[in-house]
Amino acid sequence: MSDSDIVYIDDCFYVEEKYGLWMSTLKDGEKLVTSLSKQLCIDHTRFFLKGRQEGWDTEQSRVVNDGKVGGKL
């Protein structure tokens, strides 16, 4: 995607489709959210950025499931 093709949403980020998924990226190139549809990607990115703006950060969040299987199989 060339710079002339980019349409910024809320003058802050853009979304693009890759590999059948939609991904959002900030103006500075930071990758943010991956979603199944364009509208979900926009909505989830706005939610994420609102949380970041209001002070939500990685120090106060946690991973609910890390995907590891405990015990003996």
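Analyst: Accessible areas here come from the Shrake-Rupley method with a 1.4 Å probe. Keep in mind that this is a predicted model.

User: Thanks! How much area does the protein chain expose, and what share do carbon and sulfur atoms supply?

Analyst: The protein chain exposes about 6000 Å², and 52% of that comes from carbon and sulfur atoms. Of its 73 residues, 26% count as buried.

User: Which order do the strands and the helix follow along the sequence?

Analyst: The pattern is β-β-β-α, with three strands and one helix in total.

User: How can I check the span of helix H1?

Analyst: Multiply the rise of 1.5 Å a residue by one less than the number of residues. For H1, residues 38-53, the 16 residues should span 22 Å, and the end C-alpha atoms are 22 Å apart, so the two agree. After the helix comes Gly-55, with a positive phi near 105°.

User: Which residues of H1 are buried, and what do they pack against?

Analyst: An α-helix has 3.6 residues a turn, so residues three or four places apart point the same way. In H1, the buried residues are Cys-41, Ile-42, Thr-45, Leu-49 and Gly-51. The buried residues of H1 pack against S1 (13-18), S2 (21-26) and S3 (31-35).

User: And which residues make up the largest nonpolar core?

Analyst: In soluble globular proteins, nonpolar side chains tend to be buried together. Here the largest nonpolar core has 10 residues, including Phe-13, Trp-22, Leu-32 and Ile-42. S1, S2, S3 and H1 each supply at least two residues of this core, and H1 gives the largest share, three residues.

User: What does Phe-13 touch?

Analyst: Leaving aside residues up to four places away in sequence, the partners of Phe-13 include Tyr-8, Leu-26, Ile-42, Thr-45 and Leu-49.

Definitions and conventions. Residues numbered from 1 in each chain as written. Predicted model: local features only at pLDDT ≥ 70, side-chain atom pairs only at ≥ 80, totals over all residues. Heavy atoms only, no water. Helix = DSSP H or I, 4+ residues; strand = E, 2+ residues; numbered from the N terminus. Buried < 20%, exposed > 50% of the residue type's maximum accessible area, 1.4 Å probe, protein only. Contact = heavy atoms within 4.5 Å. Core = buried A, V, L, I, M, F, W, Y, C linked by side-chain atoms within 4.5 Å.
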